[in-house]
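Reader: Could you take me on a close look at one part of this model, and show me how that part connects with what lies around it? I would enjoy one connected answer.

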Amino acid sequence: MRLALDEAQRAGEDVPVGAVVLAPDGSAVLAAGHNEREATGDPTAHAEILAIRRAAAGLGRWRLSGCTLVVTLEPCTMCAGAIVQSRVDRVVYGARDEKAGAAGSLWDVVRDRRLNHRPEVIGGVRADECARLLTDFFRSR
C-alpha cells in the first residue's frame, strides 16, 4: 500500500488515487498508475485502469491471473469491471468509497456470483492514511 500511496502523490491536479499491480509471487511491481483524467482529458484514466493496462502490456497478455491490484481507494464500477475482465486474483484497497465503491460498499461487482471471475477482496488496508489523502485534497479545493 505504501507504493500505491506514493503513486497517488503523483496525481497532480487529479484526485489522488494510486494503484500498483504485483506479480503473482508478490516479489515485483509489474506496473503502477495514478489518476490522470484531468491531465489527459480521458474519463477512463483511473489509477486502476492505467496500472492494469501497463501490467498487461508489460506481460504481453491480457490475463493477469495470479496478480494482485493494490489501490488506495475502493474501485468504482468501471474499474471493478476491468479487474474482473483482466482476471486479477486479488484486490487490496485502502479507503472505502461509500458513493461509488464497487468492491463491497455501494456495489460488489468484483464478487458478483453471476460473473465468471471473482477475485479475493481485502479492504481497509491503511484506510485512514488513504482517506486522509483524499480529504486533504478536497479540502484544498
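Author: Happy to; what follows is a walk along one helix, then its partners, the salt bridges and the pocket.

A word on ground rules: this is a predicted model, in which local features need pLDDT of at least 70 and side-chain atom pairs count only at pLDDT 80 or more, while totals for chains, interfaces and linings use all residues. Residues are numbered from 1 along each chain as its sequence is written, and side-chain values use heavy atoms, with hydrogens and water left out.

Let us take helix 3, residues 47–59. Helices here are DSSP runs of H or I with at least four residues, strands are runs of E with at least two, and both are numbered from the N terminus. The expected span of a helix is 1.5 Å times one less than its number of residues. For the 13 residues of helix 3 that gives 18 Å, and the end C-alpha atoms are 18 Å apart, which agrees.

Now for the side of helix 3 that is hidden. Buried means under 20% relative accessible area, exposed means over 50%, and partly exposed is in between, with a 1.4 Å probe and protein chains only. By that measure the buried residues of helix 3 are Ala47, Glu48, Ile49, Leu50, Ala51, Ile52, Ala55 and Ala56. It helps to recall that an α-helix has 3.6 residues a turn, so residues three or four places apart point the same way. The buried residues of helix 3 pack against strand 1 (18–22), strand 2 (29–34), strand 3 (68–73) and helix 4 (77–86), where contact means heavy atoms within 4.5 Å. After helix 3 comes Gly60, with a positive phi near 75°.

One residue of helix 3 also reaches a charged partner. Arg54 forms a salt bridge with Glu36, and their closest N and O atoms are 3.3 Å apart; the term stands for a side-chain nitrogen of Lys or Arg within 4 Å of a carboxyl oxygen of Asp or Glu. Glu36 sits in the loop between strand 2 and helix 2 (37–40) and Arg54 in helix 3, so the pair ties together parts that are 18 residues apart in sequence. The two ends of this bridge have their own accessibility: Glu36 is buried at 16%, whereas Arg54 is partly exposed at 36%.

Further along the chain, the loop between helix 3 and strand 3 holds Ser65, which is partly exposed with a relative accessible area of 38%. Leaving aside residues up to four places away in sequence, Ser65 touches Pro24, Ser86, Arg87 and Asp89. Ser65 and Ala23 are 42 residues apart in sequence, yet their C-alpha atoms are 9.3 Å apart in space.

Two of those contacts lead us to helix 4 and its end. Ser86 is among the buried residues of helix 4, along with Cys79, Ala80, Ala82, Ile83 and Val84. The buried residues of helix 4 pack against helix 3, strand 3 and strand 4 (90–95). Arg87 follows helix 4 and lies in the loop between helix 4 and strand 4. The phi of Arg87 is near 65°, a positive value in a residue other than glycine, and Arg87 is buried at 18% relative accessible area.

Back to the salt bridges, whose count comes to ten. Another joins Arg111 to Asp108, with closest N and O atoms 3.1 Å apart; Arg111 is partly exposed at 35%, and Asp108 is partly exposed at 30%. Arg126 pairs with Glu129 at 2.9 Å between the closest N and O atoms, and a network of salt bridges links Arg2, Asp6, Arg126 and Glu129. Arg126 lies in the loop between strand 5 (120–122) and helix 5, and has a positive phi of about 55° although it is not a glycine. Arg126 is partly exposed at 38%, and Glu129 is partly exposed at 25%.

Finally, the largest pocket. It is lined by 21 residues, of which Val15, Val17, Leu73, Asp97 and Ala100 lie nearest its centre. By class, the lining has eleven nonpolar, three polar and seven charged residues; Ala, Val, Leu, Ile, Met, Phe, Trp, Tyr, Cys and Pro count as nonpolar, Asp, Glu, Lys and Arg as charged, and the others, Gly among them, as polar. On a 1 Å grid over the protein atoms alone, a pocket is an open set of points where a 1.4 Å probe fits, with protein on both sides within 12 Å along at least five of seven lines, and lining residues have an atom within 4 Å of a point. Helix 5 (residues 127–140) gives the largest share of the lining, four residues.
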